Amino acid sequence: MELRLHQITWRKFKGAFMIRIKDIAQKANVSTATVSYVLNGTGSVSEKTRIKILKVIEEMNYQPNHIAKSLKIKKTNTIGVVVEDVTSFHSSEIIDGINEYAENHGFSLLLTNMRVLKRLGRDLEDQEKVRQLTPPAMKEILNKQVDGLIYIGVHTRDVSGIINTGTLPTVYTYCYTSGEGYSVNYDDHLAAYEATKYLIEEGHSKIAVISGLFNSNPSRDRFNGYYQAVKDHELVFDPSFIKTGDWEFESGYTLTRELLDGTTRPTAILAMNDVMAAGAINACLERGLHIPEDISIIGFDDREFSSYINPKLTTMRLPLHEMGMEAIKSLVSILNQEEATEKNKKLKCTLIKRHTVGKPRE
């Protein structure tokens with residue numbers, strides 16, 4: 001009995017794949033071209049005819065042969081996604097943006113995780129070490145005959161030469177290349193400018209900065225955005241208010257203590273990521289300062305914990321989901337040979353107002 005059930009199921013399955021477009025056309029009394037238009041969503045077909053064809057397709061249990069179709073048009077509608085490390089705080093949101101667009105537009109995704117943080121820690125400036133991790137990832141991607149590739153960096157930096165994609169259309173996000181590659185990132189300069197401007201509009205004129213390491217473009221761009229806002233609003237630039245951190249909690253904590261011990265105490269601190277901002281909050285609370293009554297603090301990234309700490313952190317939210325969406329949109333535009341594709345897109349960050357910024361004491 002079990003064998004017979006398997007035989008019946010196989011016949012039904014096999015029969016579904018033996019049905020041809022020609023068979024559907026004959027039963028619906030239309031041309032094969034009209035059936036193709038309905039299946040591919042192209043051409044001009046009346047709603048009445050379309051419904052009739054779809055009903056026949058359902059009755060005949062037609063299953064399109066995607067493999068044969070991809071060989072014919074030399075496209076698989078599959079996008080490769082290489083992620084330097086999925087455990088980075090930004091990766092999941094970017095991937096979700098890519099996935100949302102792919103689902104809505106008939107693309108499949110093939111995801112490969114290089115696990116660079118697990119394998120190399122934070123030692124990512126040595127490009128050769130990262131490059132050694134790419135052959136297995138690229139081999140898996142290329143073997144699946146993807147139409148194009150999206151590469152997600154672990155932090156915003158130049159990744160030129162790390163991967164060899166040959167002629168495969170590629171878009172980089174949360175990273176970029178110095179050559180002719182396409183990239184989608186966020187505007188660090190504008191985000192820092194708007195964060196500083198917000199503090200100035202709240203009445204602050206003594207605004208300190210805890211930056212990340214200055215060997216990174218985000219640090220330099222964010223500092224330049226801060227400096228531009230100070231200049232545009234004709235504030236006095238005080239070099240003693242500039243501290244260089246390393247993106248970690250401890251540096252935010254230690255450097256805030258230095259700022260509080262300085263000759264002139266700032267009324268606000270712009271920390272260039274939320275982790276250092278959390279360290280700054282801890283240092284201020286240890287000194288018995290009230291936030292934001294005694295001092296204001298603003299972060300950068302909008303990490304998940306920023307809405308849970310006490311007080312809740314005001315910060316600049318990165319457009320991660322949108323970056324994923326724009327990355328795959330750009331790639332599809334390249335695949336479709338559309339000329340209007342922007343080479344290096346920079347998306348706008350969003351100010352998230354919570355409880356760590358207020359007006360300075362008189």
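A residue counts as buried when its relative accessible area is under 20%. Keep that cut-off in mind as you look around this structure, which is a predicted model. Here's a quick tour: a six-stranded open sheet, a threonine in one of the loops, a covered strand called E6 and a couple of cysteines.

**The six-stranded sheet**

- Read across the open sheet and the strands come in the order E2-E1-E3-E4-E5-E11, with parallel pairing.
- The edges belong to strand E2 (108-113) and strand E11 (344-347); each has a single partner strand, so one side of each has no neighbour in the sheet.
- On average, neighbouring strands here are turned by 20 degrees against each other, ignoring direction.
- Over at the E11 edge, strand E5 (residues 182-186) pairs with E11 in the parallel sense, over four bridges.
- To find that pairing in the model, look for Ser183, whose bridge partner in E11 is Asn344.
- As a bit of background, strands of a sheet pair through backbone hydrogen bonds, either parallel or antiparallel.

**Thr156 in its loop**

- Thr156 sits in the loop that runs between strand E3 (148-152) and strand E4 (170-173).
- Its relative accessible area is 9%, and the cut-off is under 20%, so Thr156 is buried.
- Setting aside neighbours within four places in sequence, Thr156 is in contact with Tyr174, Cys175, Tyr176, Asn185, Tyr186 and Pro218.

**Strand E6 and its partners**

- Strand E6 (residues 207-211) is mostly covered, with five of its five residues buried.
- In a regular strand, side chains alternate between the two faces of the sheet.
- In E6, Ile207, Val209 and Ser211 point one way while Ala208 and Ile210 point the other way, and all are buried.
- One partner is strand E8 (residues 268-271), which pairs with E6 in the parallel sense over four bridges; there, Ile210 stands opposite Ala271.
- Another partner is strand E7 (residues 242-244), also in the parallel sense, over three bridges; here Ser211 stands opposite Thr244.
- Together with helix H11 (residues 217-232), E6 and E7 make a right-handed β-α-β unit.

**Cysteines**

- How many disulfides are there? The count comes to zero, going by sulfur atoms within 2.5 Å.
- Cys175, one of the contacts of Thr156, has 0% relative accessibility, so Cys175 counts as buried.
- Cys349 counts as buried too, at 3% relative accessibility.

Conventions
Residues are numbered from 1 along each chain as its sequence is written. This is a predicted model: local features need pLDDT of at least 70, side-chain atom pairs count only at pLDDT 80 or more; totals for chains, interfaces and linings use all residues. Side-chain values use heavy atoms; hydrogens and water are left out. Two strands pair if DSSP finds at least two bridges between them. Helices (H or I, at least four residues) and strands (E, at least two) are DSSP runs, numbered from the N terminus. Axes are lines fitted to C-alpha atoms, for helices over the stretch in contact, and angles run from 0 to 180 degrees between N-to-C directions. Buried means under 20% relative accessible area, exposed over 50%, partly exposed in between (1.4 Å probe, protein chains only). Contact means heavy atoms within 4.5 Å. A crossover is right-handed if, with the strands pointing away from the viewer, the path from the first strand over the helix to the second runs clockwise.
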